[in-house]
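Work through the following exercises with the sequence and the coordinates at hand. Each task is followed by a solution in steps.

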Amino acid sequence: MNYQSTRNAKIAASSTAAVLQGLADDGGLFITKDFGRFDWRGTLELNTLGMAEKILGALLPDFDAMHALVRRAYTGKFETDELTPLVKVGDRYVLELFRGPTSAFKDVALSMLPQLITAARSSETPYTFYEYQISPNYNELKKNIMTPQVNPKNETSEMILNQTKASLN
C-alpha cells in the first residue's frame, strides 16, 4: 500500500518509510487512498488486541509481524485487557482513555509507535541512514534533517547514524 502526501500526491512512500519519515518532505501528512476491502464487521467480533492487529495490519501491510508488534506494545501495560474500556455511566457510555502507563489517552498510540519504528528500521536497514545538518540559527535548520540517503557501503543505519552524530561533536 502506498501513502501519499496530503499536500502533493506525487510524494509517495511505503508504510514503513512513512512511519520512519513521519511527515512528507513538503510537510504534509502521509495518507492512503487505496484502503481496499476491510471486514469491519468481523473485526468488531475480535478482542481488543485482535482488532488492533487487524486494523494496523490493513493500514500498514509492509509490517510482517503485526501480531507480535501489537502484543509487545500492549500486553501487560494497561490496567485492563480492553486497553480503553467502554463503561456505562447512567444512560450513556464513556470511553476510558486513562488506563495506560501514564494515565493519558496518548498511551494507546505511544505504546505502539516504538514497535513500528523499530520494525520499520530493521526492514529498511541497510539501505537508508539519516543525515543531520546543523545550522547555528535554529530557524535555518536544513530541511533535509532526517532525509533518507542511500548507504553505498551496506553498513547498518544505526552505525552510520552514530558516526554522523559523533562527527557533529
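**Exercise 1.** State the mean pLDDT of the protein and where pLDDT stays under 50.

*Solution.* The model is predicted. Its mean pLDDT is 80, and 73% of the residues reach 70 or more. Over residues 126–155 pLDDT stays under 50; for this stretch the model has 47 contacts beyond four places in sequence.

**Exercise 2.** Describe the largest nonpolar core and identify the helices that supply it.

*Solution.* The largest nonpolar core comprises 23 residues. Those with the most contacts inside it are Leu 60, Phe 63, Met 66, Val 70, Tyr 74, Met 112 and Leu 116. At least two residues of this core come from each of α1 (15–21), α3 (48–59), α4 (66–74) and α5 (107–124). The most is given by α4, with five residues. Leu 60 may then be examined individually: not counting residues up to four places away in sequence, Leu 60 touches Tyr 3, Ser 15, Val 19, Met 66 and Leu 116.

**Exercise 3.** Is Gln 115 buried or exposed, and which residues does Gln 115 touch?

*Solution.* Gln 115 is found in helix α5. Its relative accessible area is 16%. Buried means under 20%, so Gln 115 is buried. Leaving aside residues up to four places away in sequence, Gln 115 touches Leu 69, Arg 72 and Ala 73.

**Exercise 4.** Classify the aromatic pair formed by the rings of Tyr 74 and Phe 78.

*Solution.* The count comes to one aromatic pair. The ring centres of Tyr 74 and Phe 78 are 5.9 Å apart, and the planes stand at 65°. Planes over 60 degrees apart count as edge-to-face; the pair is therefore edge-to-face. Tyr 74 is buried, with a relative accessible area of 6%, and Phe 78 is buried at 11%.

Key
Residues are numbered from 1 along each chain as its sequence is written. This is a predicted model: local features need pLDDT of at least 70, side-chain atom pairs count only at pLDDT 80 or more; totals for chains, interfaces and linings use all residues. Side-chain values use heavy atoms; hydrogens and water are left out. pLDDT is the predictor's confidence in each residue, from 0 to 100. Contact means heavy atoms within 4.5 Å. A nonpolar core is a set of buried Ala, Val, Leu, Ile, Met, Phe, Trp, Tyr and Cys residues joined through side-chain atoms within 4.5 Å. Buried means under 20% relative accessible area, exposed over 50%, partly exposed in between (1.4 Å probe, protein chains only). Helices (H or I, at least four residues) and strands (E, at least two) are DSSP runs, numbered from the N terminus. Rings of Phe, Tyr and Trp (its six-membered ring) pair if their centres lie within 6.5 Å; planes under 30 degrees apart count as stacked, over 60 as edge-to-face and the rest as tilted.
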